Amino acid sequence: MQLLQQTLQQIQHANNEIMEKARDYIDSLSKPPSSLGKLESLAIQLAGITGELYPKIDNKAIIVCAGDHGVCDEDVTSNPQDVTFLQTLNFPKGITGVCAIANITNAKIVTVDVGVKQDIPLDAGVIIKKIKYGTDNMAKGPAMTREEAIQSIEVGIEVATAEIAQGVNVLGTGEMGIGNTTPSAAILSVLHACHPQEVTGFGAGVGSGGIAHKVEVIQNAIALNKPNRHDAIDVLAKVGGLEIGAMAGVILAAAANRKPVVIDGFISTVAALIAYELEPKVQNYIIPSHASEEPGAKIAAELLGVEPMLHMNMRLGEGSGAALAFPILDAACSMVSNMATLAESVGLVEK
């Protein structure tokens, strides 16, 4: 709890003064005003995050947090749970979807076991921070204790802070956990005070009872556990996931260290909501990547007050959307660093 509190206290607002300077400078570039659209607002945001007019984001890392879910016992997914274990082993091998995409921007993939149901070999290239062997079944009681929920957040803080200490200057969030759209929908249903039907989708593959059964499981878990929507840690503990908490911690650490953090789709955005509930200033540091196909993704983004950049009909997870968005951040930085101002262009022509 002490690490979490220290991290929350470190988070400051973005630098408005440098953002105004960046806005003025971008307006002076040799182009019609606002003609580069969201690229301009992104460059301004990056300036505010880093405190630099010419921000550099040349050392990228996506932190993939892995954990299993007891609620899989309720037939909410068609995928066998050992896929979590198998895929967690594949990230260090560079052969998953996010790895293939991240490879084009030289982004590092950092894999963390927060709660995989099986033991990960120590030589697998995975950071072992296992809190427990998957969450408990939220349909039977709380997914975890409050202490375990806090510990999951602090795992994310620890791993992200260590990467930043090694020179990483932009982070992405990713996850691996069969069944994790179920706790994500549950968290969102509580925070949005809506029926689970509004935010529950197919996920990676729905169980034999279809979406209707998945919705019923979520609704019953909320009724049983009675999470307090005004206490994000209580919500995370009662109907959440270990990897969701860890991603929230990654986001908090990025904000505390004034680094941009690119979030992935539905599950990452729900994790960002947990972080936001704990400290609203984190919103300044969050860059949303893509609009997930999951129905709750749009609602989660709206609650967070962000608008995804990409519409690619994706729902893989793993941080794949964050990896895909990295080149857009590179373009925003290049625009500021390499474009001539209108005055410079006129001067060059006159010469």
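Select the buried residues of helix α3 to begin: Leu39, Glu40, Leu42, Ala43, Ile44, Gln45, Leu46, Ala47, Gly48 and Ile49. The coordinates belong to a predicted model.

Next, extend the selection to the whole of α3, residues 38–50. The helix is mostly covered, with ten of its 13 residues buried. From its first C-alpha to its last, α3 reaches 18 Å, close to the 18 Å expected at 1.5 Å a residue.

What covers the buried residues of α3? Display α2 (16–27), β6 (286–288) and α13 (320–338), which are among the elements that do so.

Then move to the residue that follows α3, glycine 51. The phi of this glycine is positive, near 75°.

Two further residues with a positive phi merit a visit, and neither is a glycine.

The first stop is aspartate 75, in the loop between β1 (60–67) and α4 (82–90). Its phi is about 60°. Is aspartate 75 buried, partly exposed or exposed? Its relative accessibility is 30%, and because buried means under 20% and exposed means over 50%, aspartate 75 counts as partly exposed.

The second stop is alanine 193, in the loop between α7 (181–192) and α8 (210–225). Here phi is positive as well, at about 55°. With a relative accessibility of 55%, alanine 193 counts as exposed.

Now select the entire protein and show it as a cartoon. How many helices and strands does the protein have? The secondary structure comes to 14 helices and six strands. The radius of gyration is 20 Å, close to the 20 Å that the globule rule gives for 351 residues, so the protein is as compact as a globular protein of that length. Along the principal axes, the C-alpha trace spans about 75 × 45 × 40 Å.

Switch to a surface view. The protein exposes about 13,900 Å², and carbon and sulfur atoms supply 52% of that area. Of the 351 residues, 58% count as buried.

To follow how the chain meets itself, display the contacts between residues at least 6 apart in sequence. Of these contacts, 77% join residues at least 24 apart.

Finally, colour the charged residues by sign. The protein has 24 positive and 38 negative charges. How far apart are the mean positions of the two groups of charges? The mean positions lie 2 Å apart.

Conventions
Residues are numbered from 1 along each chain as its sequence is written. This is a predicted model: local features need pLDDT of at least 70, side-chain atom pairs count only at pLDDT 80 or more; totals for chains, interfaces and linings use all residues. Side-chain values use heavy atoms; hydrogens and water are left out. Helices (H or I, at least four residues) and strands (E, at least two) are DSSP runs, numbered from the N terminus. The radius of gyration is taken over C-alpha atoms; the globule rule is 2.2 Å times the number of residues to the power 0.38. Buried means under 20% relative accessible area, exposed over 50%, partly exposed in between (1.4 Å probe, protein chains only). Contact means heavy atoms within 4.5 Å. Accessible areas come from the Shrake-Rupley method with a 1.4 Å probe; for residues, only the protein chains shown count as cover. Lys and Arg count as positive and Asp and Glu as negative; His and the chain ends are not counted. The place of a charge is taken as NZ of Lys, CZ of Arg, CG of Asp or CD of Glu. The expected span of a helix is 1.5 Å times one less than its number of residues.
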